[in-house]
Amino acid sequence: MSGWRDRRLAERLGLSTPIVQAPMAGAGGVDLAIGAATGGALASLPAALIAPEAIIQQISTFRAATGAAVNLNFFCHQLEPAEDAAWRDALAPFYAAYGVGYPAVPPPARAPFGPRQAEAVEQVFPEVVSFHFGLPDDTLLARVKATGALIVGNATTPAEARWLAARGVDAIIAQGHEAGGHAGRFLGADPAEHMGTIALVPQVADATGLPVIAAGGIGDERGVAAALVLGAALVQLGTAYLFCPESLIAQGHRDLLAGEAAEHSRVTNLFTGGIARRLPSPLFDNFGAVSPLAPAFPHAAAALAELRKAAEAAGDGRFSPWWSGEAARLGQALPAEALTRRLADGALALLGDAR
Ligand SMILES: Cc1cc2nc3c(=O)[nH]c(=O)nc-3n(C[C@H](O)[C@H](O)[C@H](O)COP(=O)(O)O)c2cc1C
């Protein structure tokens, strides 16, 4: 019997491997996507931090390089105004040390999926559209569905998975707490309840009957094989792809990932206000990894913007969102195409499967 039992998504998308290269805003661009797709993965282009014009441009570059399917990824958080005076006050000693202040014009906050992003989707017809932090409203979601894209939502609990299924998604990412970057939590349960990937994947599959994409703490072929045995249809890796030469991360981030610090990632709200897993930062000694001083997502990032630039230029990454998952130590600096093939071939060999 095959260890990779649920091939619904692979068949629908024409994939030769069970691998999804995770969308990673700010860290993964079109080169990483092309490399992963060439290796047989479902490639993802993160669209949360870029303008709709850039989305259209990147899809066109991707399509000039490969005929493979692509996943366009968006955030769907609630953008409420937030007061960040206490956070700015707490950062005052760092502003003084680096000779910078609160930005005169705060950078635009990460925008949730809206009509302009829907227009971009209607122009480029991605095969897959995935959403983090819930789903857009019914009207916007209907516009995306009308393009024929496969709709994927992200669940961190079985309750979120049932909520997504009730709104008609085609597949669900089961994102365990081991994952690097933001936990896509949107129904408000205590972050301390966040399940691990091994517990979450089969429960999401049982709760919904939909194809499940396993994500979180999967770092090599052993993790990929384990997720397939749990019933995953595809397996999404983020941190593993940060090691690729095509990723866009800063050298300081790359250096930390390659060393012992990679064993000490923690969840923190200091960098954006949202709960996200990051490599250790000296800032944790000042505020703890999770602080009530940081305003809600995505507002905590504005007060750090100038500090981050000045500090990074001086080789200090403490204010930078250097995300990492729990399996970072398993990472290998291979080009994305070779990494994808190695993950897929290794996992299928462990399972006694052929591609
Ligand atoms: C640097 C980084 C950036 C990320 N940005 C996004 C993003 O823009 N959209 C998204 O849906 N998930 C994002 N994620 C989460 C990934 O989609 C995925 O859930 C996670 O990487 C899986 O865990 P792993 O890092 O242990 O492989 C990001 C993860 C990392 C490490």
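This briefing describes the ligand shell, the cavities, a pocket, a small sheet and two backbone features of the structure above. The model is predicted, so local features need pLDDT of at least 70 and side-chain atom pairs count only at pLDDT 80 or more, whereas totals for chains, interfaces and linings use all residues. Residues are numbered from 1 along each chain as its sequence is written, and side-chain values use heavy atoms, with hydrogens and water left out.

**Ligand shell**

- The ligand is surrounded by 22 residues, of which A25, N73, G217, G238 and T239 come nearest (a residue is near if one of its heavy atoms lies within 4 Å).
- Polar contacts are pairs of N or O atoms within 3.5 Å; within protein, one must be able to donate a hydrogen and the other to accept it, and residues adjacent in sequence count only if both atoms are side-chain atoms.
- The side chain of T239 places an N or O atom 2.6 Å from an oxygen atom of the ligand.
- Backbone N or O atoms also approach ligand oxygen atoms, at 2.9 Å for G238 and at 3.0 Å for A25.
- The protein buries 97% of the 600 Å² that the ligand exposes when taken alone (accessible areas by the Shrake-Rupley method with a 1.4 Å probe).
- Strand 3 (70-75), strand 9 (234-237) and helix 10 (239-242) each supply at least two shell residues (helices, H or I of at least four residues, and strands, E of at least two, are DSSP runs numbered from the N terminus).
- The shell comprises 10 nonpolar, 11 polar and one charged residues (Ala, Val, Leu, Ile, Met, Phe, Trp, Tyr, Cys and Pro count as nonpolar, Asp, Glu, Lys and Arg as charged, and the others, Gly among them, as polar).

**Cavities and pocket**

- On a 1 Å grid over the protein atoms alone, a cavity is a set of points where a 1.4 Å probe fits but cannot get out, a pocket is an open set with protein on both sides within 12 Å along at least five of seven lines, and lining residues have an atom within 4 Å of a point.
- Grid points are joined across faces, edges and corners, and a volume is the space filled by probe spheres set on the points.
- The whole structure holds two cavities of 30 Å³ or more.
- The largest cavity contains about 50 Å³ of space, and its lining has nine nonpolar, three polar and no charged residues.
- Helix 1 (8-13), strand 4 (128-132) and strand 5 (150-155) each give at least two residues to that lining.
- The second largest cavity, of about 30 Å³, has T239, A240 and F243 among its lining residues.
- The second largest pocket has a volume of about 640 Å³; of its 32 lining residues, F133, A183, R185, F186 and I275 are closest to its centre.
- Strand 7 and strand 11 each supply at least two residues of this pocket's lining.

**Open sheet**

- Three strands form an open antiparallel sheet in the order 7-11-10 (strands pair if DSSP finds at least two bridges between them).
- Strand 7 (181-182) and strand 10 (266-268) are the edges, each with a single partner strand, so one side of each lacks a neighbour in the sheet.
- Strands 10 and 11 (residues 276-278) pair over three bridges, and T268 stands opposite A276 in strand 11.

**Backbone features**

- Most residues other than glycine have a negative phi, and most peptide bonds are trans.
- F125, which is not a glycine, has a positive phi of about 50° and lies in the loop between helix 5 (115-124) and strand 4.
- The F297 to P298 peptide bond is cis, with omega near 0°, and P298 is in the loop between helix 12 (283-287) and helix 13 (300-313).
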